[in-house]
Amino acid sequence: EPFTLKGFTRPQPAARLLDEQDTVHRRPVDANGAAFVGREGDLATLQARLDDLTAGLAGSVLTIWGEAGIGKSRLVAELHRCAPPTITWLQGRALSYAENAPYSIIGQQIRRAAGIRVGDTESSAQAKLRDMLARACGPDQAPAAYPLIATALAMRLEKSEASMLGGL
C-alpha cells in the first residue's frame with residue numbers, strides 16, 4: 001500500500017524488504033591494483049591496536065569511522081590482509097538510516113557471526129545464536145549469555161530465560 005509521507009503531496013509506493021546482502025567483503029576495494037600510499041602511519045596505528053587485541057591487552061572491538069570517501073574501506077582491507085588468521089574478523093558498516101538504533105551495528109555483527117539471515121524463522125535464528133554462543137563462550141557459559149544477547153537482538157525468550165534478566 002502507498003504511504004502518506006511528509007513533503008509529498010501524493011501517497012508514495014513502498015516495497016517490502018525480503019532479504020539483505022552482505023556487501024562488505026564483496027566490494028573490491030583495490031580492484032585496479034593501486035598501491036597503498038600515504039596511509040602507512042594510520043595502518044601502523046591500527047596494526048598496533050590489532051596486536052593489542054590479539055594479545056588480550058585491550059577490548060575486543062576495533063572501530064574505524066570517518067567521512068565518506070576518505071579511504072576507510074581501503075585502510076580496513078589492508079589491515080585485514082595483514083591480520084593473523086587466528087582472529088575472528090567481523091566487519092560491518094553503520095548505515096545512515098539506522099542512526100536512531102545505535103547498537104544496530106553490534107546486532108549486525110552478532111547476526112553475521114551466528115549466520116542469521118533476514119528470512120530465518122525465529123526458532124532457526126535462536127538455534128543459530130545458541131550454537132554460536134556455545135562455540136564462542138563454551139557450553140557452560142552460553143546459557144547465561146544467551147538471554148542478554150537474544151534480548152539485544154529483539155528475540156523472544158522463554159520464561160526461564162527472561163527470569164535470568166531480572167537482576168539487570
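Residues are classed by relative accessible area, with buried meaning under 20%, exposed meaning over 50% and partly exposed lying in between (1.4 Å probe, protein chains only). The model is predicted, so local features require pLDDT of at least 70 and side-chain atom pairs are counted only at pLDDT 80 or more, whereas totals for chains, interfaces and linings draw on all residues. Numbering starts from 1 along each chain as its sequence is written, and side-chain values rest on heavy atoms, with hydrogens and water left out.

The protein chain contains six helices and zero strands, where helices (H or I, at least four residues) and strands (E, at least two) are DSSP runs numbered from the N terminus. The order of elements from the N terminus on is accordingly α-α-α-α-α-α. Of the 168 residues in the protein chain, 20% count as buried. The accessible surface amounts to about 12500 Å², and carbon and sulfur atoms hold 55% of that surface; accessible areas were obtained by the Shrake-Rupley method with a 1.4 Å probe, and for residues only the protein chains shown count as cover. Contacts are defined by heavy atoms within 4.5 Å. Among contacts between residues at least 6 apart in sequence, 39% join residues at least 24 apart.

Two nonpolar cores are described here, a nonpolar core being a set of buried Ala, Val, Leu, Ile, Met, Phe, Trp, Tyr and Cys residues joined through side-chain atoms within 4.5 Å. The largest comprises 13 residues, and those with the most contacts inside it are Ile-116, Leu-129, Met-132, Leu-133, Tyr-146 and Met-155. Helix 3 (104-114), helix 4 (122-137) and helix 5 are the elements that give two or more residues to this core. A second, separate core has eight residues, including Leu-46, Leu-75, Leu-79 and Ala-83. Within the largest core, Leu-129 is one of the residues with the most contacts. When residues up to four places away in sequence are not counted, Leu-129 touches Ile-110, Ala-114, Ile-116, Tyr-146, Ile-149, Ala-150, Leu-153 and Met-155.

Leu-75 and Leu-79 of the second core are also among the buried residues of helix 2 (residues 72-81), together with Arg-74, Val-76 and Glu-78. The cover over the buried residues of helix 2 includes helix 1. Two charged residues of this helix, Arg-74 and Glu-78, meet through their side chains in a salt bridge (3.3 Å, N to O), a salt bridge being a side-chain nitrogen of Lys or Arg within 4 Å of a carboxyl oxygen of Asp or Glu. Because Arg-74 and Glu-78 are four residues apart in helix 2, about one helical turn separates them. An α-helix has 3.6 residues a turn, so residues three or four places apart point the same way. Both partners count as buried, Arg-74 at 17% relative accessibility and Glu-78 at 10%.

The whole structure holds four salt bridges. Lys-128 and Asp-120 form one of them through their side chains (2.8 Å, N to O). Lys-128 is partly exposed, with a relative accessible area of 25%, and Asp-120 is likewise classed as partly exposed at 24%. Elsewhere, salt bridges with shared partners join Arg-74, Glu-78 and Arg-81 into one network. A further salt bridge links Asp-42 to Arg-39, with the closest N and O atoms 2.7 Å apart. Asp-42 counts as partly exposed at 38% relative accessibility, and Arg-39 is partly exposed with a relative accessible area of 21%.

No disulfides are found in the whole structure, a disulfide being a pair of cysteine sulfur atoms within 2.5 Å. Cys-82 is partly exposed, with a relative accessible area of 32%, and Cys-137 is partly exposed at 35% relative accessibility.

Phe-3, Leu-5 and Phe-8 make a nonpolar surface patch of about 310 Å². Patches consist of residues with over 30% relative accessible area and no salt bridge, like charges being joined within 9 Å and nonpolar side chains (Val, Leu, Ile, Met, Phe, Trp, Tyr) within 5 Å. Leu-5 belongs to the segment before helix 1 (40-54) and is partly exposed, with a relative accessible area of 39%.

Backbone geometry is notable at one position: Ala-154 has a positive phi of about 60° although it is not a glycine. Most residues other than glycine have a negative phi. Ala-154 lies in the loop between helix 5 (142-152) and helix 6 (159-163) and, at 67% relative accessibility, counts as exposed.
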